[in-house]
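Visitor: Let us take a close look at one part of this model. Please start from a single residue and work outward.

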There are 2 protein chains.
Amino acid sequence: MTKRADKPITLADVARRAGTSTAVVSYVINDGPRPVAAATRERVLAAAAELGYRPNRIARALRSRTTGVVGLVLADASNPYFAALARHVEQALERRERLTLIGNAGYSADRQRDLVDRFLAAQVDGLVIVSAEGGDDVTDLAQAAGVPAVYVHHGPSDGRARVVGADNHDAVREAVAHLRGHGHRHIAFLGGPHDAGPVADRRTAWRAAVADDPWAALLRCDYSRAAAHSLTRRLAAGDALPRALITATDEQAIGVLSGAWASGVAVPGRLAVISLDGTPESAHTAPALTVTRQPLEAMAEQAVELLSGRDPGAPAAHAPLVIRRSCGCDGDQD
Amino acid sequence: MTKRADKPITLADVARRAGTSTAVVSYVINDGPRPVAAATRERVLAAAAELGYRPNRIARALRSRTTGVVGLVLADASNPYFAALARHVEQALERRERLTLIGNAGYSADRQRDLVDRFLAAQVDGLVIVSAEGGDDVTDLAQAAGVPAVYVHHGPSDGRARVVGADNHDAVREAVAHLRGHGHRHIAFLGGPHDAGPVADRRTAWRAAVADDPWAALLRCDYSRAAAHSLTRRLAAGDALPRALITATDEQAIGVLSGAWASGVAVPGRLAVISLDGTPESAHTAPALTVTRQPLEAMAEQAVELLSGRDPGAPAAHAPLVIRRSCGCDGDQD
DNA sequence: CCCTGCTATCTAAACGATTAGATACGATGA
DNA sequence: TCATCGTATCTAATCGTTTAGATAGCAGGG
């Protein structure tokens, strides 16, 4: 009961108490555009402290037309990859003292536009779009409102929008080389149903890396564990399972693992797997997944940097190969 | 280039165009507190549509002292359990047309208070705290600001705060009974390092359910996959592994699974496992986890309902047993 | 024909901060 | 002593809504 709830403290209260005008208080609070005498500053600070003054960001936002809030639109927060990305974006924003408005578009372009609309009405200072293939282009909306927008992981390919991604080519090349090192001749790839955006890049890179192998198999399924699980069971039943597989996403890799387990297929003995995401989940599957870890933190940092108008130097961060067990190595599993 | 970015449309613009005052426009926009003649309403609506008017929520918030934004404070978004809970809370809010400000406290009470402070400065209409054991009590802050706060999963135990949880006793009883049904005599429990909040409830319930078994072992480790993984490996090396185990959380269960795999321990053959969370991840581990699924959606719904002042009837939702394979059943895999 | 009461609308004061322009006060130089 | 300048502060307009109070117009009862 230290403070009554009914009357929030305002600038005017502090000014009255300090015996000054609201202007000086404002100048003190934000090292304002004009200087304040040291003695006065002290009085103001003391008054503010005594009253427990907390600036009202809404009022500040109305006047100064900047809210310190950024909208984060997610295609699907259930997907650990997107969830991890979201976390890093939120942290990058936090570091810059900005608040994060979050929303789930659930792979629907309509809901995505809707969300962006609502974020813009809330006067966000910027938009980070973590979208998947289905994600529509919302650059027009943002532009109309004069709000900077950045896509992460996947975005419209016409040059108009700023898109932050990772260097997938190198990663895939490394993965293929590693499996070759284990003696595998034919290295299959499990991609998505349509292959647009980063996953298409990954597929292309794989195709290039196995160009010398006409039998390299391209598999496809949804990006869900369930889909990869049943695909694996089906292939195992028909004895059509490859011996070495690169999956486009961790979700698929995890589905492959559980499908293999259910079919009695030994990993990595009968089937070696490398996944191209490297979310935290991948470290504690059975067996632990060898992955190329997407540099999520660097991507988030780059995205947020782009929002502030700064153009970060490095165009695409490298995704390092993290060797664990699913590839056949006797990994770092303690 | 349909709309210039430099001049957002305001109420006054619409009023001018419709030949009315700003008051009527406001009345029309929100079926205002006063009626408007049908003809006028038409004119206003038309003008608004033509100009592409979008109300400025900041200005609205300043005047009406309600932002339509709720702050969601997370102990740790990396934990899939919390992440799933967060998703459901966000969806429950979305359904009520409210925006979600999200923030990660990272198990630190200081950062939690800090976040709450910043959310309150942003004039949130309510706070949802998804906190773990470490989480401090922030009821005082919220109360001082006159903002309703609800804790989900875990909260201060003095009656002052509203806490939404699930019925853990029933769930644990069911899990124990199920393992007994598989012929297990001794059922161990893997809890957290300190056991406060819901995990303590779960432990207590387990103790009650195995009261007739003086040898039932209580294990402890951090709530991380890594900790459970190495604990399992250690126990396996010392041949001290129980034959049936209930884990307090999915994270631990997944760590146990990967530890067992690494130690060559067969699950469920040598070690049967049931977990008490039931996050989506648990469906696609190898083997698939049998769990008591926490009613996250119901909890989120309850929490948001509480924020609006309504007191939802049901005090604690039931966590149903989802039978898969880690318990020894020939589960519903694929 | 005037007064009453109702409806539809307008005027203007909030909300709490920021900030440009006006002002007051000493100190300085001629 | 007076004009000049600089510093520290105050006054008040402004951001875009909401909404209570004032007002205008019209119908109906006496």
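Visitor: Which residue in β2(B) does A:T100 stand opposite?

Guide: A:T100 stands opposite B:I102. The model is predicted, with local features given at pLDDT of at least 70, side-chain atom pairs at pLDDT 80 or more, and totals for chains, interfaces and linings over all residues. Residues are numbered from 1 along each chain as its sequence is written, chains are lettered from A and ligands numbered from 1 in the order written, and side-chain values use heavy atoms, without hydrogens or water.

Start with the strands. β2(A) and strand β2 of chain B (residues 99-104) run antiparallel, joined by three bridges. Strands (E, at least two residues) and helices (H or I, at least four) are DSSP runs, numbered from the N terminus. Two strands pair if DSSP finds at least two bridges between them.

Next, the symmetry. A turn of 180° and a shift of 0.0 Å along the axis lay chain A on chain B with an RMSD of 0.1 Å. The two copies are thus related as by a two-fold rotation axis. Superposition is by least squares on C-alpha atoms of residues with pLDDT of at least 70 in both copies. A:L101 is the residue of chain A that comes closest to the axis, its C-alpha at 2.2 Å. Both copies use the same surface, and 100% of the contact residues of chain A recur in chain B.

Now widen the view to the whole interface. The contact (heavy atoms within 4.5 Å) takes 59 residues from chain A and 60 residues from chain B. Between them, the chains bury about 5100 Å², of which 57% is on carbon and sulfur atoms. A:R118, A:W261 and A:H284 supply 15% of the area that chain A buries against chain B, more than any other three residues. Buried area is the accessible area (1.4 Å probe) that two parts lose on being put together, summed over both.

Then the polar side. Chain A and chain B share 16 residue pairs in polar contact, both residues at pLDDT 80 or more. Each such pair has N or O atoms within 3.5 Å; within protein, one must be able to donate a hydrogen and the other to accept it, and residues adjacent in sequence count only through side-chain atoms on both sides. Many elements of chain A take part. α4 (57-64), α5 (80-95), β2 (99-104), α6 (109-121), α7 (139-145), α10 (225-237) and α11 (250-263) each supply at least two residues of the side of chain A that touches chain B. That side divides into 27 nonpolar, 14 polar and 18 charged residues. Here Ala, Val, Leu, Ile, Met, Phe, Trp, Tyr, Cys and Pro count as nonpolar, Asp, Glu, Lys and Arg as charged, and the others, Gly among them, as polar.

Charge pairs come next. Six salt bridges link chain A and chain B. The rule asks for a side-chain nitrogen of Lys or Arg within 4 Å of a carboxyl oxygen of Asp or Glu. Over all chains, this rule gives 34 salt bridges. In one of them, the side chains of A:D117 and B:R54 meet at 2.9 Å, N to O. This pair crosses between chains: A:D117 is in helix α6 of chain A, and B:R54 is in the loop between α3 (38-51) and α4 (57-64) of chain B.

Last, a sheet within chain B. Its six strands form an open sheet in the order β8-β7-β9-β10-β11-β13, with mixed pairing. β8 (218-220) and β13 (321-322) of chain B stand at the edges with a single partner strand each, so one side of each is left without a neighbour in the sheet. Strand β9 (residues 244-247) of chain B pairs with β10(B) in the parallel sense over four bridges. There, B:I246 stands opposite B:I274.
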